[in-house]
Amino acid sequence: MRVLFVCLGNICRSPTAEGVLRRKLLAAGLQQQVEVDSAGTGDWHVGKAPDPRTRQAARARGYDLDALRARQVEPADFRRFDLILAMDKSNLADLQSLCPLGAGAEVDLFLRRYDLAVSEVPDPYYGAGDGFEQVLDLIEQACDGLLLEIRSRL
Ligand code: 4NP
């Protein structure tokens, strides 16, 4: 099974989701059976490591995101991945307009799919305060639901 997380810049939310799911898969012994990646709808940060604030907040919870590099979503992603999970509704709308006709991927809103109380992971990039902690809290919860779905599909 192949899962792609998508946000706007691929330097805050979707790399966080990639790191969180990777660790949950490792803990469950499922790392060989699931391919995980992340990408952005925008191209401003292509080739860059995740935002330093994202890396620091993730590191404090034991996730090492330092080796990740941003890339932009490409048409082939819609054939390669089974599940493409958008962080907010704007990302979802962009993905739906990019999705080639007949491509196999299921495109969905990450938090809504796993029934969290909020449907979007707020963009922390320009915000102050605990935005990065909130991103981690939401993504950790939603990844628990995603792991259940993965188990049911393998
Ligand atoms: P992300 O956050 O979509 O979670 O990676 C953002 C990163 C960069 C920008 C916007 C959002 N930006 O406008 O550069």
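Is D115 buried or exposed? In this predicted model, D115 has a relative accessible area of 68%, and because the cut-off for exposed is over 50%, D115 counts as exposed. D115 lies in the loop between α5 and α6, the latter spanning residues 131–153. The backbone of D115 also stands out: its phi is near 60°, a positive value in a residue other than glycine. Most residues other than glycine have a negative phi.

N10 shares this backbone feature, with a positive phi of about 60° although N10 is not a glycine. The setting of N10 is the loop between β1 and α1, where α1 covers residues 13–28. N10 has a relative accessibility of 2% and therefore counts as buried.

N10 leads to the ligand, as it is one of the residues around it. The others listed there are C7, L8, G9, I11, C12, R13, H45, D123, Y125 and Y126. Several polar atoms can be placed relative to ligand oxygen atoms. A polar backbone atom of C12 is 2.9 Å from an oxygen atom of the ligand. For R13, an N or O atom in the side chain is 2.7 Å from a ligand oxygen atom. D123 has a polar side-chain atom 3.4 Å from an oxygen atom of the ligand. Taken alone, the ligand exposes 360 Å², and the protein buries 93% of that area. The ligand sits in the largest pocket.

The aromatic residues come next. The structure holds three aromatic pairs. One of them joins F5 and F110, with 5.2 Å from centre to centre and 65° between the planes, an edge-to-face arrangement. F5 belongs to strand β1 (residues 2–7) and F110 to helix α5 (residues 110–113), so this pair ties together parts that are 105 residues apart in sequence. F5 and F110 are both buried. Together with Y114, F5 and F110 form one aromatic cluster.

Another pair involves Y125 and Y126, which are both among the residues around the ligand. The ring centres of Y125 and Y126 are 4.8 Å apart and their planes lie at 85°, so this pair is edge-to-face. Which of the exposure classes does Y125 fall into? Y125 is partly exposed, with a relative accessible area of 26%. Y126 has a relative accessible area of 75% and is exposed. These areas are computed with protein chains only as cover, so the ligand does not enter into the values for Y125 and Y126.

Note on methods:
Residues numbered from 1 in each chain as written. Predicted model: local features only at pLDDT ≥ 70, side-chain atom pairs only at ≥ 80, totals over all residues. Heavy atoms only, no water. Phe/Tyr/Trp six-rings, centres within 6.5 Å; stacked < 30°, edge-to-face > 60°. Helix = DSSP H or I, 4+ residues; strand = E, 2+ residues; numbered from the N terminus. Buried < 20%, exposed > 50% of the residue type's maximum accessible area, 1.4 Å probe, protein only. Near = heavy atom within 4 Å. Polar contact = N/O pair within 3.5 Å; in protein donor to acceptor, adjacent residues only side chain to side chain. Areas by Shrake-Rupley, 256 points an atom, 1.4 Å probe, with all protein chains shown as cover. 1 Å grid on protein atoms, 1.4 Å probe; cavity = no way out; pocket = protein on both sides within 12 Å on 5 of 7 lines; lining within 4 Å. Sits in = over half its atoms within 2 Å of the grid points.
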